[in-house]
Amino acid sequence: MNLLNKRANGVLMHISSLPGNTGIGTLGKNAYSFVDFLKKSSQTYWQILPIGPTSYGDSPYQSFSTFAGNPYFIDFELLEEQGLLAREDYENVIWGGSDACVDYGTLYIQRHILFEKIQINFEKNIPAEFYDFCENNAFWLDNYSLFMAIKDAHNGDSFLSWEEDIVRRDPEAVKNWTEKCTSRINYYKMLQYLFFTQWNNLKKYANDSGIKIIGDIPIYVSADSADVWSNPEQFMLDGNYKPLEVAGCPPDGFSADGQLWGNPVYNWEFMKNDGYGWWKKRLEMSLRIYDVLRIDHFRGFDSYYCIPYGDKDAKNGVWRQGPGAALFEEIKKTYGELSIIAEDLGFLTDSVRQMLTAVGYPGMKVLQFAFDSRESSEYLPFSYTKNSVVYTGTHDNDTIKGWMKSASVQDFEYAKRYLRTNDDEFPKEMMLAAMESVSNTCILCMQDLIGLDGFARMNRPSSVGENWKWRASANQITDDISNFLKTYTEMYQRK
């Protein structure tokens, strides 16, 4: 059943942004409280960002595994209830300068100190469910845990710098490293068991409360990941397992150098001949975790931009042909009708539009892109269709209040005329324009509902170091916001 065929409303709020006093949002009581807030507000969806373990740069779109969960989100109070941790182990830890901002450097050090204490207690009485979890997830868990254990033994270095025999996964090298790293392998398996135990309990609570989870899966995987290391044939690599080309975006009006993402691109010919087995496994796992999937950079399935490996910018890239709708026809044969949102933002060609029509997934409409005073835009609400998902902005956009300051004077004045409002009421009226639109699904950002300025922006594309850090405090998630959502969700028949 496609959940996206009926009018509904939801909120975008990543787990990392939840309130709490252990450095980052977790899967504990504040996550359950947020579900309660959504239910009280007559919402249908909670949209989050990717939940994989983040690598360098802390981006949820660059993960060490497309299948694993982020151990940072494991909640300590829940582990304390299980006897795996004492309160004094974590309550006095200094997690950074502010509960309103994630300090990833501190988090990395302090979390692993506590995880090692947890492993000692966990191994005193390993639950039977752990062995079932390991068996049911062996197809990705074994490779991921070994990958992370070997990475730790190499001080976190990229797998391309490891010894040649283990880079190539020679059977004898895999056997030797598995024996050498047994404890650390079990450490990473334990963390995944704890994460998914807490995640599954939270998701059940959300679903029982009438809240569906919209998850987000990046189109690409990180170059330094268990996915590339254990499935090299799925990617365009040279004889030394280095990417031949990497993904990105060409230069445009926003970036003269383009965007150099650095992810290896897929060997689509191999994937086609393999029946897209890797993608099917990836989507099957995602469907276990989420109720609805948002697939990032969906236009990359039609054609994708490739940059020679080693280039310092994206200027010298070329476009190559992707699998198009054929991939999703294969997926539909296996899994039937899926609830998928296609992130179709950016420059769209006729062939991209034809692919979207063929697969039938709703695309995205972003109001912040609508108000170009120089020309008409397909993001203006009157041009929407029911089969779409409307946002005021995404994780890559500024908050509404931030956009009011960063937009050109002409664009902002045009937006105010279009919405028939003034500066003070502008954020509210932009959100209401999204909610009252014909789009079946409307997702609002929590930062905008709270009324925050640009400091609360989650990500500035093509920048590193200051992204993915924003967190809410408990007193910012108020009854006034809940009443606003409930009133207009019901008024515009999104419940």
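Q: How many of the 11 residues of helix 17 (residues 426-436) are buried?

A: Glad you started there. The model you are looking at is predicted. A residue is called buried when its relative accessible area is under 20%. In helix 17, eight of the 11 residues are buried, so the helix is largely enclosed by the rest of the structure.

Q: Which residues of helix 17 are the buried ones?

A: You can pick them out in the viewer: Phe426, Pro427, Met430, Met431, Leu432, Ala433, Ala434 and Met435.

Q: Let's turn to sheets. In what order do the eight strands of the open sheet stand, and is the pairing parallel or antiparallel?

A: Two strands are taken as paired if at least two bridges are found between them. Following the pairs across this open sheet gives the order 9-6-3-2-1-12-11-10, with parallel pairing. Strand 9 (340-342) and strand 10 stand at the edges with a single partner strand each, so one side of each has no neighbour in the sheet. From one strand to the next, the twist averages 25°.

Q: Which strands does strand 1 (residues 8-12) pair with?

A: Try counting the bridges on each side. Strand 1 is joined to strand 12 (residues 441-445) by five bridges, and the two run parallel. Here Leu12 stands opposite Cys445. Three bridges join strand 1 to strand 2 (residues 45-47), again running parallel. In that pairing, Val11 stands opposite Trp46.

Q: Is strand 1 mostly covered or mostly exposed?

A: Look at both faces of the strand. Strand 1 is mostly covered, with five of its five residues buried. Ala8, Gly10 and Leu12 point one way, Asn9 and Val11 point the other way, and all are buried.

Q: How many bridges pair strand 3 (residues 212-217) with strand 6 (residues 292-295)?

A: Four bridges hold this pairing, which is in the parallel sense. As a landmark, take Asp216, whose bridge partner in strand 6 is Arg294.

Q: Where is Lys365, and is it buried or exposed?

A: Lys365 has its place in strand 10. Its relative accessibility is 15%, and because the limit for buried is under 20%, Lys365 counts as buried. For a sense of scale, the C-alpha atoms of Lys365 and Ile295 are separated by 14 Å, while the two residues are 70 apart along the chain.

Q: What is the order of the four strands in the other open sheet, and how do they pair?

A: These four strands come in the order 5-4-7-8, and their pairing is antiparallel. The edges are strand 5 (259-264) and strand 8 (318-321), each pairing on one side only. With direction ignored, neighbouring strands of this sheet are turned by 50° against each other on average. To see one pairing in detail, follow the four bridges that join strand 7 (residues 303-308) to strand 8, which run antiparallel. There, Cys306 has Val318 as its bridge partner.

Q: Now the rings. How many aromatic pairs does the structure hold, and how should I read one?

A: A pair of aromatic rings is described by the distance of the centres and the angle of the planes. The structure holds 54 aromatic pairs. One of them is Trp140 with Tyr144, a tilted pair at 6.2 Å centre to centre with 50° between the planes. Both residues lie in helix 6 (residues 138-153), four residues apart, or about one turn of the helix. An α-helix has 3.6 residues a turn, so residues three or four places apart point the same way. Trp140 counts as buried at 4% relative accessibility, and Tyr144 does so at 2%.

Q: Why is the pair of Phe371 and Tyr414 called edge-to-face?

A: Plane angles over 60 degrees count as edge-to-face. The planes of Phe371 and Tyr414 are at 80° and their ring centres are 6.0 Å apart, so this pair is edge-to-face. The pair links distant parts of the chain, 43 residues apart: Phe371 is in the loop between strand 10 (363-366) and strand 11 (388-391), and Tyr414 is in helix 16 (residues 409-419). Phe371 is buried at 2% relative accessibility, and Tyr414 also counts as buried, at 19%.

Q: Finally, the surface. Which residues make the nonpolar surface patch of about 300 Å²?

A: That patch is made by Tyr108, Ile109 and Ile113. To find the spot, go to helix 4 (residues 104-122), where Ile109 lies.

Key:
Residues are numbered from 1 along each chain as its sequence is written. This is a predicted model: local features need pLDDT of at least 70, side-chain atom pairs count only at pLDDT 80 or more; totals for chains, interfaces and linings use all residues. Side-chain values use heavy atoms; hydrogens and water are left out. Buried means under 20% relative accessible area, exposed over 50%, partly exposed in between (1.4 Å probe, protein chains only). Patches are made of residues with over 30% relative accessible area and no salt bridge: like charges are joined within 9 Å, nonpolar side chains (Val, Leu, Ile, Met, Phe, Trp, Tyr) within 5 Å. Accessible areas come from the Shrake-Rupley method with a 1.4 Å probe; for residues, only the protein chains shown count as cover. A salt bridge is a side-chain nitrogen of Lys or Arg within 4 Å of a carboxyl oxygen of Asp or Glu. Axes are lines fitted to C-alpha atoms, for helices over the stretch in contact, and angles run from 0 to 180 degrees between N-to-C directions. Rings of Phe, Tyr and Trp (its six-membered ring) pair if their centres lie within 6.5 Å; planes under 30 degrees apart count as stacked, over 60 as edge-to-face and the rest as tilted.
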